[in-house]
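Hi everyone, and thanks for making time for this. I'd like to walk you through one model today, so please have a look at it on the screen.

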Amino acid sequence: MKYSLKKVLALLLAAVIAISVFNASPAANVEAKSTKYKAGAVYVTPYSLNRNDPNEIWKSVNKIRATVYNVNSMCVYKSDLAAIVDVKVKGKGLAAAASSYVDRTGDCRIGYVDFEAKKAGTYTVSFKIRTTSGAITKKYSFKVFATISGETYKSVKFGGQTIFSSSAKLKKGVRTIKNSNNYKISKKSGRLYVKPNSGYKITGLVVVTSNGKNGAPVAKSYKNGANIQTSSKYSYKYSSAGSSSRSVEKYTAIYISYKDTKMGTYVKYSVTKKHGTQEIKRVSKYADGSVYTSYIYPSTGGGNFTLWNF
């Protein structure tokens, strides 16, 4: 495909501060049921769809998030699409045009509407479709939520210390982004508060410490702004021979649950013992309505970011 792979947009909406690789639990992942493709129908979506995949979800998602000065595209699917025409924008500050490129996925044709925002705001882009027979369809449209910053949250503070901060400014046509982080802490407990960017809501936190037996990881759920306990023990890494080695630092992992109020998407973490041992359950909802559920074992090296001290 010429443009982004499916779900790339939704994953970017998470805008995580740091991404770690976790050990997945043996529990199976579950994907929502597909919505079947209908010949002749028009699908407007930021996702790349695969006509040859029988489990693909065919549903219009007439909205997209974008950052200022980044060129983005909306995909338009129709079996007899020849070109996208009559592109118009409601709202000053965004330029949009139809791409001359027409792709195919199976027996379906794909056109693209390219756009770029010059300033933050909500815009409506409309267009029509010229079919292979030369007919012009009715008007279709989608919304663009353009922001200066692409981050989910502005700052994260623990015990009065700023752990992470992100600021974005637009001045005289120049966008300046400044990110800073300091994950080294000295306090054993304190208030953890995540300040979201506009259009996002923080719905909860899961904190993993090494406070279990022999430094085993233990997960606990908190509300945003609650006082949390960090790791008071060193975690251990066990070898296959049965010997153990102690970590040099005490690590505490933070998982952030959030909702995108513009797109209707969310990521939610919770602690469960559904499969007989403690796990972290992650539920992700995408803009097309699909819900993806996965389970991972708690790890002090995982999460959106990791605090540490000696």
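I'll go through the overall make-up, then two sheets, then the aromatic rings and the cores.

First, a reminder that what you see is a predicted model. The chain has 1 helix and 24 strands. Of its 310 residues, 43% count as buried. If we take the contacts between residues at least 6 apart in sequence, 62% of them join residues at least 24 apart.

Let's start with a sheet of 4 strands. Which order do they take? It is 3-10-9-5, in an open sheet with mixed pairing. Strand 3, residues 63-67, and strand 5, residues 81-90, each have a single partner strand, so one side of each has no neighbour in the sheet. From one strand to its neighbour, the turn is 30 degrees on average, direction ignored.

Now for the mixed part. Strand 3 pairs with strand 10, residues 140-147, in the parallel sense, over 5 bridges. You can find one of the partnerships by looking for Lys63, whose bridge partner in strand 10 is Lys143. Strand 5 and strand 9, which covers residues 121-131, pair in the antiparallel sense over 7 bridges. There, Val89 stands opposite Val125 in strand 9. And is strand 3, at its edge, mostly covered or mostly open? It is mostly covered, with 4 of its 5 residues buried.

The next sheet has 5 strands, in the order 13-12-11-14-17. It is also described as open, and its pairing is antiparallel. Strand 13 and strand 17, residues 227-229, are the edge strands, each pairing on one side only. The twist here averages 20 degrees from one strand to the next. At the strand 17 end, 3 bridges join that strand to strand 14. If you want a landmark, look for Ser189, which stands opposite Gln229 in strand 17.

While we're in this sheet, let me point out Asn181, which is found in strand 13. Is Asn181 buried or exposed? The cut-off for exposed is over 50% relative accessible area, and Asn181 has 51%, so Asn181 counts as exposed. Leaving out residues up to four places away in sequence, Asn181 touches Ile163 and Phe164. Its C-alpha atom is separated by 9.1 Å from that of Val156, and the two residues are 25 apart along the chain.

On to the aromatic rings. The count comes to 13 aromatic pairs. In one of them, Tyr37 and Tyr43, the ring centres are 6.0 Å apart and the planes meet at 35 degrees, so this pair is tilted. Both Tyr37 and Tyr43 are buried. Ring pairs also link these two with Trp58 and Tyr77 into a cluster.

Another pair to look at is Tyr183 with Phe305, which is stacked, at 5.9 Å centre to centre and 15 degrees between the planes. This pair links distant parts of the chain, 122 residues apart. Tyr183 sits in the loop between strand 13 and strand 14, and Phe305 in strand 24, residues 305-309. Tyr183 has 17% relative accessibility, so Tyr183 counts as buried. Phe305 is buried too, with a relative accessible area of 2%.

One more ring, this time with a charge: Lys250 lies over the face of Tyr234, at 5.1 Å from the ring centre.

That brings us to the cores. Which residues have the most contacts inside the largest nonpolar core? They are Val156, Ile163, Ile254, Tyr255, Ile256, Ile280 and Phe305, in a core of 29 residues. Among the elements that give two or more residues to this core are strand 11, strand 12, strand 14, strand 20 and strand 24. Strand 15 gives the largest share, 6 residues.

Ile163 ties several of these threads together. Leaving aside neighbours within four places in sequence, its contacts include Val156, Asn181, Tyr183 and Phe305. So if you centre your view on Ile163, you will find the exposed Asn181 and both rings of the stacked pair among its contacts.

Finally, another core lies apart from this one, with 20 residues. Ile64, Leu94, Phe127 and Tyr140 are among them.

That's my tour; thanks for listening.

Technical notes: Residues are numbered from 1 along each chain as its sequence is written. This is a predicted model: local features need pLDDT of at least 70, side-chain atom pairs count only at pLDDT 80 or more; totals for chains, interfaces and linings use all residues. Side-chain values use heavy atoms; hydrogens and water are left out. Two strands pair if DSSP finds at least two bridges between them. Axes are lines fitted to C-alpha atoms, for helices over the stretch in contact, and angles run from 0 to 180 degrees between N-to-C directions. Buried means under 20% relative accessible area, exposed over 50%, partly exposed in between (1.4 Å probe, protein chains only). Rings of Phe, Tyr and Trp (its six-membered ring) pair if their centres lie within 6.5 Å; planes under 30 degrees apart count as stacked, over 60 as edge-to-face and the rest as tilted. A charge sits over a ring if NZ of Lys or CZ of Arg is within 6 Å of the ring centre and within 35 degrees of the ring normal. A nonpolar core is a set of buried Ala, Val, Leu, Ile, Met, Phe, Trp, Tyr and Cys residues joined through side-chain atoms within 4.5 Å. Contact means heavy atoms within 4.5 Å.
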